[in-house]
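Here's a quick look over one protein model, taken from the overall fold down to its cysteines.

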Amino acid sequence: MLLAGTVVADPETAYDEGAVVVTEDRIAAVGPRADLEDAYPDHPVREFDLLAPGLVGGHVHSVQSVGRGIADDTALLDWLFEHVLPMEASLGREEMRTAAELGYLELLESGTTTAIDHLSVNHAEAAFEAAIDLGIRGRLGKVLMDKRAPEGLAEDTEAALESTERLVQAYHGAADGRIRYAVTPRFAVSCTEACLRGAREIADRYDGVRIHTHASENRDEIETVEDDTGMRNIEWLDEVGLTGEDVVLAHCVHTNEREREILAETGTHVTYCPSSNMKLASGIAPIPDYLDRGIDVALGNDGPPCNNTLDPFTEMRQASLLQKVDTLDPEVAPAQVVFEMATLGGARAAGFERVGALREGWNADVIAIDTDVTRATPLYDPLSHLVFSAHGDDVTFTMVDGEVVYDADFGGLQTGDADDIRRRARDVAAALRG
């Protein structure tokens, strides 16, 4: 297949009259359309306005999708322990499957082809099966909580680690490598030292398994960890082995000099979640400083109850504007930098080597965006449009590993029944409301 249109291949490369040639699950070529039509005359042509690499959600909670709007205007720890965790605990296997499907549907419809997904304690296998079936690329993990966990989510440490290892064995590398595992402690507040060290031991036993957790999102969280351990959050995670090139830490809003040195020295990845950090009044992550230190930064939406959308384009816009207003510097976080966070930065964090750009030989994760809309008129710079003007509902086409999973011209979701997913999700939400 030859996909033609304006092509933003990566943060530094664009073709006004370009094309992407897809053969099976790979990109065969990217470049000027005329050249590629001559080189690949037998490939069927699809015309689009604007083509870009699939975006990477560096930290999402798909299974919280059925809780969208349940805990607005609430501080983080109250939001989590009084609203979100009880909601998660109430979900059975089928409800969890529906919640995950709803999250993946929204991601695919709005141009996210890869997600680092922080699931829940129970029924994680339902989300893995949903990801496999709907066609998203993902780094998923069952949540570990063996301390301060509410009823229905509390687990014995050894039992939690054993169930994690069974899931690693069942799903890591599934769907021809499209699905991979992240050992996923909720955060240091809700995990014992034995649990955190056990998470590192499991990750070390399996090639390519990563670790994904929250860190230093909120001052109350940090104080709790200090009371428990006598150490700052990231210092404690480093002590128990939860830093390194295979670790993704969501948020990292409040960090001191020593913690930033640890992140840089260990190659730990950070995921910036600006909308969630604003909505929960957590603060503003020091992203320019992280980047200056060479720390890889991904971009994430977090969960629908604290965002309330999984639209990656909204997140790119917020990511840039929040840094500009924080630093009072309009040159901070330009479109090029933010787009890299949302693509290559996220792919590095997720551990997918040929994802995040449109390049020859890379995985064919491609999205198309409609620009026949008023807010795209005029369109001087396609990269600027993607970061500052586009919306998720402008996405008309989503391809993962060469498979078309969403196509607005042919009924939308191609790998499931979107209307049925939304209907079942409404039923789950109605039951939650009682």
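The notes below cover the model, its fold, its surface and its cysteines.

## About the model

This is a predicted model, where local features need pLDDT of at least 70, side-chain atom pairs count only at pLDDT 80 or more, and totals for chains, interfaces and linings use all residues. Residues are numbered from 1 along each chain as its sequence is written, and side-chain values use heavy atoms, with hydrogens and water left out.

## Fold and dimensions

The protein has 15 helices and 17 strands, both being DSSP runs (helices: H or I, at least four residues; strands: E, at least two). Its C-alpha atoms fill a box of roughly 65 × 45 × 40 Å along the principal axes. The radius of gyration is 21 Å, which agrees with the value near 22 Å for a compact globule of 434 residues; it's taken over C-alpha atoms, and the globule rule is 2.2 Å times the number of residues to the power 0.38.

## Inside and outside

Of the 434 residues, 60% are buried, meaning under 20% relative accessible area with a 1.4 Å probe, protein chains only. The accessible surface comes to about 15900 Å², with 45% of that belonging to carbon and sulfur atoms (Shrake-Rupley method, 1.4 Å probe).

## Cysteines

There are zero disulfides here, a disulfide being a pair of cysteine sulfur atoms within 2.5 Å. Why no bond for Cys-195? Its closest cysteine sulfur, in Cys-191, is 4.1 Å away, too far for a bond. Cys-306 has its closest cysteine sulfur in Cys-273, at 7.8 Å, also too far for a bond.

Cys-195 counts as buried, at 0% relative accessibility, and Cys-306 is buried at 0% too.

Note on methods
Buried means under 20% relative accessible area, exposed over 50%, partly exposed in between (1.4 Å probe, protein chains only).
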